[in-house]
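Q: Could you take me through one helix of this model up close, and then show me how its surroundings are held together? I'm in my first year, so please go step by step.

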Amino acid sequence: MDCVAERFKRFGPARRHESLEGFRCAIVWALFGVSSAIGQSPTPVTPAPAPGAATASASIFDEEPTAAAAHPIPDKIEGFNRDIFAFNDGFYKVALRPLSHGYAAVVPRPVRRGIGNFFHNLGFPTRFVGNVLEGKFKDAGTETLRFVVNSVTSLGFVATADQDPHLQEKSSDLGLAFGSWGIGHGSYLVLPLLGPSSIRDGIGLGLSGYFLDPVAYIRHWEYRYGADALMIVNESPDQLRAYDQLKAAAVDPYVSLRDAYASQRARRVSNDLGTPVAPATPPPEAK
């Protein structure tokens, strides 16, 4: 159960991320969902977006429930978060699901995979800066080489660099960098339409989406939002499938997603620091 975390990598092969749309995406989702009448929530109640892999995967859906429950995160505004979760979940069902089904029926999986690879390749700036801020300059160099190889060989539509064992992805983002500096989550936070996050990771997501996402620099807003919408819809078939499976197996989907997100982020920060995950301690009761 390792987009919805980091905006749900599997909710989008990563992610999408991982050039996570930033808060701009929430607006795109709202506009896109309303205008399509049957749109759906971006990485709704469980986005996550966004995309890279800590070890094998950065998707919270790859976590075991027992492992997810081992690393609780403070949820100081649970009442507010549950309200946003419910809103996301409703929008998710009404909007994105019909659109996702139609898109998957028209666009073959190989094409969707190529589009996902293209957007994931564009997430290079976030992964590069994240690695630099963590002091992992060699990994930043590897990410640079991956971007060059993928861009030159296929414009990013094929993950060519994955074929080289020396060029395996070194995923990172600003939230992970902040965590490696010793900055805590602050509190769990469910973002409208984007889903599971935290105050720390939400700030990182917003900064990377505004300053590091190449799509944000497209001059014409219709092309900019169109690119964001395409990325989100392209990821939605896999994300919806994974989300539905998690929700069907959970007694309380809100808690399952929260614990999965906390587990994934704790493990990724731990891996970056080369230290074991700290023993779990119950989060303080929300007031």
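**A close look at helix H6**

A: On one side of H6, Phe137, Lys138 and Val152 are exposed. Keep in mind as we go that this is a predicted model.

Now turn the helix around. The buried residues of H6 are Asp139, Ala140, Thr142, Glu143, Arg146, Asn150 and Ser154. If you look down the axis of H6, these buried residues fall within an arc of 155 degrees, so they line one face of the helix. A general rule helps here: an α-helix has 3.6 residues a turn, so residues three or four places apart point the same way.

What lies over that buried face? Helix H4 (109–122) and helix H5 (124–133) are among the parts that cover the buried residues of H6.

You can also check the length of the helix yourself. H6 has 18 residues, and at 1.5 Å a residue they should span 26 Å; the C-alpha atoms at its ends are 26 Å apart, which agrees. Just after H6 comes Leu155, with a positive phi of about 60 degrees.

Next, the charged residues. Two of the buried residues of H6, Glu143 and Arg146, belong to a network of salt bridges that also links Arg127, Asp162 and Glu169. In general, side chains of opposite charge can pair when their charged atoms come close. The structure holds 17 salt bridges.

Another salt bridge starts in the loop that follows H6. There, the side chain of Asp173 meets that of Arg265, at 3.0 Å from N to O. Asp173 lies in the loop between H6 (137–154) and helix H7 (174–180), while Arg265 lies in helix H10, so the pair ties together parts that are 92 residues apart in sequence. Are these two partners buried or exposed? Asp173 is buried, with a relative accessible area of 5%, and Arg265 is buried too, at 2%.

Following Arg265 brings us to H10, and H10 leads on to the largest nonpolar core. That core has 13 residues, and Phe85, Tyr188, Val190, Tyr243, Tyr254 and Leu257 are those with the most contacts inside it. At least two of its residues come from each of helix H3 (78–106), strand S1 (188–191), helix H9 (221–249) and helix H10 (253–273). H10 gives the largest share, four residues.

Key:
Residues are numbered from 1 along each chain as its sequence is written. This is a predicted model: local features need pLDDT of at least 70, side-chain atom pairs count only at pLDDT 80 or more; totals for chains, interfaces and linings use all residues. Side-chain values use heavy atoms; hydrogens and water are left out. A nonpolar core is a set of buried Ala, Val, Leu, Ile, Met, Phe, Trp, Tyr and Cys residues joined through side-chain atoms within 4.5 Å. Buried means under 20% relative accessible area, exposed over 50%, partly exposed in between (1.4 Å probe, protein chains only). A salt bridge is a side-chain nitrogen of Lys or Arg within 4 Å of a carboxyl oxygen of Asp or Glu. The expected span of a helix is 1.5 Å times one less than its number of residues. The arc is that of the directions from the helix axis to the C-beta atoms. Contact means heavy atoms within 4.5 Å.
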